[in-house]
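Hello,

Here is the structure I promised to pass on. Please have a look at it, and then read on for what turned up.

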Amino acid sequence: MRIGCGYDAHCLVAGRPLILGGVQIEHETGLLGHSDADVLLHAICDALLGALGEGDIGRHFPDSDPALKGISSLLLLERVVALMTGKGYRLGNLDAVIIAQRPRLSPHIPAMRDRIAAACGAIPERINIKATTTEKLGFEGREEGIAAQAVALLCAVG
Ligand code: MG
């Protein structure tokens, strides 16, 4: 078995869609980034890459690559999962937390879980997604950005 952790944060700005866990959420601001800036999926990619000893998302998908501009982070996650499968591992379980003051995320978590499970080739029961506010503390609390953390356990196949 191998374990990895991931963390990411992106700025909230006007004029961008808010996409978290592969789900577009109605909100007056969205996350800024080279890809779709899906901070949850980036943290998950980093947890998987960390467990594989494969560095980080910036090494595999540099934000200087024009081919990745505006790309859905579900596609990045699928590429990381292909790397995991190629190295002979499957997802044991994944736990993640989104840190955001607003909007209220709990209604969207089942859809995020389903999309992440599909991208990971895993049943949804292996995925847990949580959301928390920071009681208005820090950059997340001031709604300047959203952060996410993830931990993944991988099991060797066979
Ligand atoms: Mg990121």
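Just after helix H1, Gly-53 takes a positive phi of about 70°. Helices here are DSSP runs of H or I with at least four residues, strands are runs of E with at least two, and both are numbered from the N terminus. Before going further: this is a predicted model, in which local features need pLDDT of at least 70 and side-chain atom pairs count only at pLDDT 80 or more, while totals for chains, interfaces and linings use all residues. Residues are numbered from 1 along each chain as its sequence is written, and side-chain values use heavy atoms, with hydrogens and water left out.

Back to H1. Its 14 residues should span 20 Å at 1.5 Å a residue, and the end C-alpha atoms are indeed 20 Å apart (the expected span is 1.5 Å times one less than the number of residues). Of those 14 residues, 13 are buried, so H1 is mostly covered; buried means under 20% relative accessible area, exposed over 50%, and partly exposed in between, with a 1.4 Å probe and protein chains only.

H1 also contributes to the metal site. The magnesium ion is coordinated by Asp-8 (OD), His-10 (NE2) and His-42 (ND1), at 2.0 to 2.3 Å. Donors are N, O and S atoms within 2.8 Å of the metal (3.2 Å for Na, K and Ca), and because water is not among the atoms, sites may look incomplete. Asp-8 in strand E1 (residues 2–13) and His-42 in helix H1 are 34 residues apart, so the pair links distant parts of the chain. Both Asp-8 and His-42 are buried.

You may also like helix H4 (residues 109–120). Its buried residues are Ile-109, Met-112, Ile-116, Ala-117, Ala-119 and Cys-120. They cover an arc of only 160° around the axis, which puts them on the same side of H4; the arc is that of the directions from the helix axis to the C-beta atoms. Pro-110 and Ala-118, on the other side, are exposed. H4 is followed by Gly-121, whose phi is positive, near 65°.

Finally, the cysteines: why are there zero disulfides? A disulfide is a pair of cysteine sulfur atoms within 2.5 Å. For Cys-120, the closest cysteine sulfur, in Cys-45, is 8.4 Å away, too far for a bond. The sulfur of Cys-5 also has Cys-45 as its closest partner, at 14 Å, again too far for a bond. Cys-120 is buried, with a relative accessible area of 6%, whereas Cys-5 counts as exposed at 60%.

Best wishes
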